[in-house]
Amino acid sequence: MAGVDFVDVRKSFGQFPVIKGVNIEIEDGEFVILVGPSGCGKSTLLRMLAGLENITAGEIRIGDRVVNRLPPKDRDIAMVFQNYALYPHMTVADNMAFSLMLANKPRADIDKRVGVAAEILGLAKLLDRYPRQLSGGQRQRVAMGRAIVRDPQVFLFDEPLSNLDAKLRVAMRAEIKELHQRLKTTTVYVTHDQIEAMTMADKIVVMHDGIVEQIGAPLELYDHPANLFVAGFIGSPAMNMIRGRLHPKDPTAFMTADGTALPVARPTAAARGRDLVYGLRPEYMSLDPNGLPAEVVVIEPTGYETQMIARLGGNDVTCVFRERVNAKPGETIRLGIDGAHVHLFDAETGRRLFD
């Protein structure tokens with residue numbers, strides 16, 4: 001196993017830059033997820049690590065080796081793709097063994113490695129089947145098994161769950177995480193799904209427009225987003241964001257455009273006199289008879305919780321309640337806000353303002 005370092009990595013297609021100076025340190029054995037919207041550069045970064053794209057500038061290191069000019073076969077990595085990329089005319093066993101056969105490994109060694117990987121992934125009874133005889137989840141396990149048998153220094157996953165249905169994605173998330181806990185191999189995983197990132201990663205790298213917006217543990221990014229982009233991207237439902245300013249005489253009151261006062265438990269000196277964005281997670285609002293009046297717009301019961309969109313101070317906000325709510329669209333409810341969990345962002349720069 002080995003760590004991975006991106007040092008001021010840049011990539012341009014012609015005159016168009018797509019990766020704009022990325023620096024990431026991935027420790028040996030760490031599970032790191034690159035997450036961001038389509039076009040942010042995360043898959044390009046993974047392909048450069050794999051050797052499938054050339055680097056315009058900077059260095060990529062695997063362990064103590066700079067791999068910029070090494071062909072993919074010499075980087076000691078194994079990649080799992082979104083579309084499985086299985087050979088339809090080969091059995092599960094042959095698909096998993098193919099890279100070892102190309103490397104002229106002894107047959108006994110190949111059979112041993114395939115057998116061990118098949119046991120880990122629950123494929124032992126499927127080794128004689130062909131891909132067409134497998135479900136989507138089983139095909140993804142075969143693709144993972146093909147990577148495991150190589151015993152690489154680094155696993156690369158390129159949106160491996162995108163083709164699976166919602167229930168199977170949840171199951172496969174748990175399987176991939178459990179597999180990493182067992183093998184402890186350095187893993188770099190790309191997805192646009194922030195739920196995958198939150199539930200699976202040791203460390204998340206949030207990317208946007210070819211740059212790294214923030215790096216940190218999942219809950220660190222959730223609780224302490226560095227800017228408006230991270231605050232809006234990490235978390236489902238997304239953070240509520242309301243524009244306004246602190247009250248000129250009372251810094252514990254945030255004033256919306258229509259004059260509604262929202263609580264701020266920890267006022268920030270740097271926030272005074274600025275145009276601000278008030279950030280609040282949906283779960284930090286509650287039904288409170290002494291709270292602020294809000295008009296119910298939409299109610300979405302999910303069973304174990306109720307999501308609601310309500311109009312508060314001229315803004316539509318999303319609330320999440322653990323209890324079931326007996327309210328109808330158009331009715332007025334009262335919302336309590338936990339001011340201790342409020343974030344204030346500079347409206348011009350988007351940066352979060354710290355105490």
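Here is a short look at one helix, two domains and a few odd backbone spots in this predicted model.

Residues are numbered from 1 along each chain as its sequence is written. Local features need pLDDT of at least 70 and side-chain atom pairs count only at pLDDT 80 or more, while totals for chains, interfaces and linings use all residues; side-chain values use heavy atoms, with hydrogens and water left out.

**Helix α3**

Let's start with α3, which runs over residues 107–121. Helices (H or I, at least four residues) and strands (E, at least two) are DSSP runs, numbered from the N terminus. With 15 residues, α3 reaches 21 Å from its first C-alpha to its last, close to the 21 Å expected at 1.5 Å a residue (the expected span is 1.5 Å times one less than the number of residues).

Buried here means under 20% relative accessible area, exposed over 50% and partly exposed in between, using a 1.4 Å probe and protein chains only. Ile110, Val114, Ala117, Ala118 and Leu121 are the buried ones in α3. Seen down the axis of α3, its buried residues fall within an arc of 100°, so they line one face of the helix; the arc is taken from the directions from the helix axis to the C-beta atoms. They pack against α2 (92–102), α4 (136–148) and α5 (166–183), where contact means heavy atoms within 4.5 Å. Flip to the other side of α3 and you find Ala108, Lys112 and Glu119 exposed. Just after the helix, Gly122 takes a positive phi of about 70°.

**Two domains**

An automatic or database domain assignment gives the bounds: domain 1 is 4–227 and domain 2 is 237–346. Their centres, taken over C-alpha atoms, are 39 Å apart. Five residues of domain 1 touch five residues of domain 2. Together the domains bury about 420 Å², 50% of it on carbon and sulfur atoms; buried area is the accessible area (1.4 Å probe) that two parts lose on being put together, summed over both. On the domain 1 side, Tyr222, Asp223 and Pro225 lose the most area to domain 2, together 84% of what that side buries.

**Backbone oddities**

Most residues other than glycine have a negative phi, and most peptide bonds are trans. Two non-glycine residues with a positive phi are tabulated here.

| Residue | Phi | Loop | Relative accessible area |
|---|---|---|---|
| Asn104 | about 60° | between α2 and α3 | 68%, exposed |
| Asp151 | about 50° | between α4 and β7 (154–158) | 58%, exposed |

There's also a cis peptide bond joining Ser236 and Pro237, with omega about 0°. Pro237 sits in the loop between α8 (228–233) and β11 (240–246).
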